[in-house]
Amino acid sequence: QTLEASPYLELPIIGPAGAIAASTEEMCRYAMLFLGEGEYGGKRAGSDAQVRERFTPVMVAGGLPPGPEFAPESYGLGWFVTGYRGHLEIVHGGNTEGFSTHLTLFPDDEAGIIVMANKAVTGVPQQVTRTIADRILGEEPIDWIGKSLEARKKAIAMQETLEDTQDAARV
């Protein structure tokens, strides 16, 4: 796979939804605000009820969990609410031209993980998050990166087989 530099893409219309520019330090403060139940640096950002409401599921999101390590996913107010290996997991991520971010909170474990990548639409942040989460949560490690690579190889092989079949059937 070849990576290419892309120019910074200004997104004025959807900026509030996908063009937040934040440093690692700012992302850490943001995570700590929620892990601190709405309090950071001696300042409060809303009532306890308002903070809890953000993480309260309001609708079902997605289908069945992708594996036994995961709980069914729902959506709160701007956050996906799920479970990972028996731990409450609050997640949000995003992609835009040249960037991917994955922010995961484990509020009951007082832990947060932020992974950023200089590539749009990549599964790397999620796989790195899972690898770190296993260590932080004291779970038996799973080779998430290896599993992802294996799934990618199978998908590529399936795509090639499909293309060969279509080419053979073409008149």
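Visitor: What makes β7 count as mostly covered?

Guide: Of the eight residues in β7, six are buried. A residue is called buried when its relative accessible area is under 20%, so each of those six falls below that cut-off. Keep in mind as we go that this is a predicted model.

Visitor: How do you know that β6 and β7 pair?

Guide: Seven bridges join β6 to β7. Pairing asks for at least two bridges, so these strands qualify as a pair. They run antiparallel, and I90 has L105 of β7 as its bridge partner.

Visitor: What lies between β6 and β7 in their hairpin?

Guide: Two residues separate β6 from β7, and G98, in the turn, has a positive phi of about 90°.

Visitor: What makes β7 and β8 a pair as well?

Guide: Here again the bridges tell us: seven of them link β7 to β8, the strand of residues 111-117. At least two are needed, so this pair qualifies too. The two strands run antiparallel, and L105 stands opposite G112 of β8. Notice that L105 is also the bridge partner of I90.

Visitor: What is unusual about E110?

Guide: E110 has a positive phi of about 50° although it is not a glycine. Most residues other than glycine have a negative phi. You will find E110 in the loop between β7 and β8, whose hairpin has four residues between the strands.

Visitor: Why is E110 called exposed?

Guide: E110 has a relative accessible area of 69%. Exposed means over 50%, so E110 is in that class.

Visitor: Where is R85, and what is its phi?

Guide: R85 is in the loop between β5 and β6. Its phi is near 50°, a positive value in a residue other than glycine.

Visitor: Why is G36 called partly exposed?

Guide: G36 has a relative accessible area of 33%. Values between the 20% limit for buried and the 50% limit for exposed count as partly exposed, so that label fits G36. G36 sits in the loop between α2 (24-35) and β1 (39-40). Along the chain, 67 residues lie from G36 to L103, and their C-alpha atoms are separated by 15 Å.

Visitor: Which class does L77 belong to, buried, partly exposed or exposed?

Guide: L77 is partly exposed, with a relative accessibility of 42%. That value is not under 20% and not over 50%, so L77 takes the class in between. L77 is in the loop between β4 (74-75) and β5. Leaving aside neighbours within four places in sequence, L77 is in contact with E53 and R54. The C-alpha atoms of L77 and E4, which are 73 residues apart along the chain, are separated by 35 Å.

Visitor: How do you know that the span of α4 is close to what is expected?

Guide: α4 has 13 residues, and the distance from its first C-alpha to its last is 18 Å. The expected span takes 1.5 Å times one less than the number of residues, and for α4 this comes to 18 Å. Just after α4, G138 takes a positive phi of about 75°.

Visitor: Which residues of α4 are buried, and what do they pack against?

Guide: The buried residues are P125, Q127, T129, R130, T131, A133 and D134. They pack against β5, β6, β7, β8 and α5. Packing here rests on contact, which means heavy atoms within 4.5 Å.

Visitor: How much space lies in the second largest pocket, and which residues are closest to its centre?

Guide: The second largest pocket holds about 610 Å³ of space. Among its 31 lining residues, P66, F70, E73, Q126 and R130 are the closest to the centre. β6 gives the most to the lining, with six residues, while β5, β6, β7, α4 and α5 each supply at least two.

Visitor: What makes up the lining of the second largest pocket, by class?

Guide: The lining has eleven nonpolar, 15 polar and five charged residues. Gly counts as polar in this scheme, so any glycine in a lining is placed in the polar class.

Visitor: How many helices and strands does the whole protein chain have?

Guide: The chain has five helices and eight strands, in the order α-α-β-β-α-β-β-β-β-β-β-α-α. Its C-alpha atoms fill a box of roughly 70 × 40 × 30 Å along the principal axes. Of its 171 residues, 27% count as buried.

Notes:
Residues numbered from 1 in each chain as written. Predicted model: local features only at pLDDT ≥ 70, side-chain atom pairs only at ≥ 80, totals over all residues. Heavy atoms only, no water. 1 Å grid on protein atoms, 1.4 Å probe; cavity = no way out; pocket = protein on both sides within 12 Å on 5 of 7 lines; lining within 4 Å. Points joined across faces, edges and corners; volume = space filled by probe spheres on them. Buried < 20%, exposed > 50% of the residue type's maximum accessible area, 1.4 Å probe, protein only.
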